[in-house]
Amino acid sequence: MKILMVCLGNICRSPLAEGILQSKLPENFVVDSAGTIAMHEGKSPDHRSISTAKKYEIDLSAQKSRPFSAKDFREYDRIYCMDRNNLKDVLSLAENDLQRQKVSLILENNQEVPDPYWGTMADFEKVYQLLDETCEKLATNLKESINK
Ligand code: 4NP
């Protein structure tokens, strides 16, 4: 089972989502992340994401930003987007319903993970808590889905 987390720059939210979900799943699950823009390609996650995750013993420092590409639809089983713009951008590259069905917002009820890039450390902490809560549920559901 391969899971991809997607945000805009792949330096703030989706690196956190990747690290948090991976920490809750066994190693037969692959978790990766990508951004809908290539602007930060090759860069490490934002230092505020790295230090927030480190507080909870999650290491993001080896991650590198990369852009989402249409081939990710073939590579990954589930694609979770942080906000509705990310969702729209990813869906615009899908070629068929099978690909579209893999994609959803990571939060329930059409809720978005707010972009903390222009914010403070408190905003990064809020994003961490939101993602930690939702990834706990996701991990339970994903583990159940492969045991069926
Ligand atoms: P992310 O945050 O999508 O959570 O990685 C952002 C990163 C970079 C920019 C915006 C949001 N930017 O405008 O460069």
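How much of the chain is helix and how much is strand over residues 1-141, and how far apart are the end C-alpha atoms? In this predicted model, residues 1-141 are 42% helix and 13% strand. The C-alpha atoms at the two ends of that stretch are 12 Å apart. The stretch corresponds to an annotation: an unreviewed UniProt entry lists residues 1-141 as "domain: Phosphotyrosine protein phosphatase I".

The unreviewed UniProt entry also assigns the feature "active site" to Cys7, Arg13 and Asp115. These residues are spread over 109 residues of sequence, yet they cluster in space, with a largest C-alpha distance of 8.7 Å. Cys7, Arg13 and Asp115 are also part of the lining of the largest pocket. With respect to secondary structure, Cys7 belongs to strand β1, which covers residues 2-7.

The largest pocket is the space taken by the ligand. Around the ligand are Cys7, Leu8, Gly9, Asn10, Ile11, Cys12 and Arg13, together with Met39, His40, Asp115 and Tyr117. The residues annotated as "active site", Cys7, Arg13 and Asp115, are therefore included among those that surround the ligand, given that a residue is counted here if one of its heavy atoms lies within 4 Å of the ligand. When the shell around the ligand is sorted by class, six residues are nonpolar, three are polar and two are charged.

Several polar atoms of the protein lie at short listed distances from oxygen atoms of the ligand, as follows. For Leu8, a backbone N or O atom is 2.9 Å from a ligand oxygen atom. For Cys12, a polar backbone atom is likewise placed 2.9 Å from an oxygen atom of the ligand. Arg13 contributes through its side chain, a polar atom of which lies 2.8 Å from a ligand oxygen atom. The ligand taken alone exposes 350 Å², and the protein buries 92% of that area.

Technical notes:
Residues numbered from 1 in each chain as written. Predicted model: local features only at pLDDT ≥ 70, side-chain atom pairs only at ≥ 80, totals over all residues. Heavy atoms only, no water. Polar contact = N/O pair within 3.5 Å; in protein donor to acceptor, adjacent residues only side chain to side chain. Areas by Shrake-Rupley, 256 points an atom, 1.4 Å probe, with all protein chains shown as cover. 1 Å grid on protein atoms, 1.4 Å probe; cavity = no way out; pocket = protein on both sides within 12 Å on 5 of 7 lines; lining within 4 Å. Sits in = over half its atoms within 2 Å of the grid points. Nonpolar A, V, L, I, M, F, W, Y, C, P; charged D, E, K, R; others polar. UniProt positions renumbered as here; feature names shortened; annotations may be inferred. Helix = DSSP H or I, 4+ residues; strand = E, 2+ residues; numbered from the N terminus.
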